[in-house]
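Biologist: Could you walk me through this one? I would like to see how the reasoning goes as well as the results.

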Amino acid sequence: MIIVMRPDAGEQAVQKVVEKLKKNGYQIHESRGVEKILIGAVGEKSDNVNMAIEALDGVEKVIPILAPYKLAGREFHREDTVIRVGELTIGGPQLQVMAGPCAVESREQLLEIAFMVKESGAKILRGGAYKPRTSPYAFQGMEEKGLEYLAEAREKTGLSIVTEVMDTRKVELVAQYADILQIGARNMQNFPLLKEVAKAKKPVLLKRGMAATIDEWLMAAEYIMLSGNHQVILCERGIRSFDDTYSRNVLDLSAVPILKQLTHLPVIVDPSHGTGKWPLVEPMARAAVAAGVDGLIIEVHTRPGEAICDGPQSIKPERLSNIIVEIGKIAAVMGRTL
Ligand code: PEP
Ligand code: MN
């Protein structure tokens, strides 16, 4: 629920409300505007507590939060959340492009691509060291060695790093190397992992499950937030539908403006997994920016034909540079920068 305090309510009145809520097991999030003090309280719904709070001095009204997600919802937090990654921001006026190979394949491969990503103007390097593969016989990632190469690439290029963590037992390790921890589509509802990743206190990039509704996705974000980490970036990466003849997934771009209404969290789009085909990446990247995203995550490979993982959807670095020029123009129309 949200408690709206009367404009003339003093500090004592605010503290009384907060104490009462805490006593009843609520998590408190205060928001002090110029005119109003709002107290957000997250906990189990109780008519008795509602009535008791309403009766306290200085309380103007108590508004129940109707959406099933509380912390992630706009009702609770009206302003856009801006996440800081070093000197970068995600969710502010500047769009962020994350780019790199699907998987870290070798030191040389990663460094070569990293320098080209840097050259293109993108500021965040992606690359999986732990790969969720459909086949247990397929390459599973370079694991800690891959993380070391990512850290070396960061040191040499200044790019920030986003990489996936799949296992609760590896969260601490991956968090030592990554600037942003990625939760993959297959793990969107791995609730123990969501709770564990929150503990790392680093931004989390939460991909949409391939058959997840928007509410389910926001509830997954809620798990991370309720566990104490409010730095969640939502990533639309395409959902499964009936026709996979021409694209691997259906990239749900309508999710972008829908999420912008429902949540204050930053939203990015992955046109690579969203389409599965490199010629579709650029048009969908442009469309995503026009739809109002806060960033993109794009798979890039110098030799897509030889990529161990996701070659058909990987673009060459030259194309990334081109995409960045193109989306820069659309960003300007949208009142954003790149
Ligand atoms: C990835 O980003 O490499 C990946 C495995 O993505 P997703 O979880 O969206 O399939
Ligand atoms: Mn991939």
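What follows is a set of questions and answers about this predicted model.

Biologist: Happy to start with the big picture. What radius of gyration does the protein chain have, and what would a compact globule with 338 residues have?

Modeller: For 338 residues, a compact globule would have a radius of gyration near 20 Å. The C-alpha atoms of the protein chain fill a box of roughly 70 × 45 × 45 Å along the principal axes. The chain's own radius of gyration agrees with the globule value: it is 21 Å.

Biologist: Into which domains is the protein chain divided, and how many Å separate their centres?

Modeller: Domain 1 covers 2-63 and domain 2 covers 83-333. Taken over C-alpha atoms, the distance between the centres of domain 1 and domain 2 is 38 Å.

Biologist: What percentage of the residues in the protein chain are buried?

Modeller: The protein chain has 11 helices and 14 strands. Among contacts between residues at least 6 apart in sequence, 68% join residues at least 24 apart. As for burial, a residue counts when its relative accessible area is under 20%. Of the 338 residues, the buried share is 54%.

Biologist: Now to a helix. Why do the buried residues of H8 line one face, and within what arc do they fall?

Modeller: Helix H8 runs over residues 255-262, and its buried residues are Ala 255, Val 256, Leu 259 and Lys 260. Looking down the axis of H8, these residues line one face of the helix because they all fall within an arc of 135°. The general background is that an α-helix has 3.6 residues a turn, so residues three or four places apart point the same way. The arc asked for is 135°.

Biologist: Which helices and strands are included in what covers the buried residues of H8?

Modeller: The cover includes two strands, E12 (232-236) and E13 (267-269). It also includes two helices, H7 (214-226) and H10 (278-291).

Biologist: Let us move to H10, then. How many Å apart are its end C-alpha atoms, and what should its 14 residues span?

Modeller: At 1.5 Å a residue, the 14 residues of H10 should span 20 Å. H10 is followed by Gly 292, whose phi is positive, near 105°. The distance between the end C-alpha atoms of H10 agrees with the expected span, at 20 Å.

Biologist: Against which elements do the buried residues of H10 pack?

Modeller: The buried residues of H10 are Val 281, Glu 282, Ala 285, Ala 288 and Val 289. They pack against E13, helix H9 (271-275), strand E14 (295-299) and helix H11 (317-333).

Biologist: Is Glu 143 buried, partly exposed or exposed?

Modeller: Glu 143 lies in helix H4, residues 143-157. Its phi is near 55°, a positive value in a residue other than glycine. Most residues other than glycine have a negative phi. With a relative accessibility of 42%, Glu 143 counts as partly exposed.

Biologist: And Asp 310, is it buried or exposed?

Modeller: Asp 310 is found in the loop between E14 and H11. Although it is not a glycine, Asp 310 has a positive phi of about 60°. Its relative accessible area is 18%, so Asp 310 is buried.

Biologist: One last residue: with which residues is Pro 304 in contact, leaving aside its neighbours within four places in sequence?

Modeller: Pro 304 lies in the loop between E14 and H11, and it is buried, with a relative accessible area of 17%. Pro 304 and Trp 278 are 26 residues apart in sequence, and their C-alpha atoms are 9.5 Å apart in space. With those neighbours left aside, the contacts of Pro 304 are Gly 311, Ser 314 and Lys 316.

Notes:
Residues numbered from 1 in each chain as written. Chains lettered and ligands numbered in written order. Predicted model: local features only at pLDDT ≥ 70, side-chain atom pairs only at ≥ 80, totals over all residues. Heavy atoms only, no water. Buried < 20%, exposed > 50% of the residue type's maximum accessible area, 1.4 Å probe, protein only. Helix = DSSP H or I, 4+ residues; strand = E, 2+ residues; numbered from the N terminus. Arc of directions from axis to C-beta. Contact = heavy atoms within 4.5 Å. Domains from an automatic or database assignment. Rg over C-alpha atoms; globule rule 2.2 N^0.38 Å. Expected span 1.5 Å × (residues − 1).
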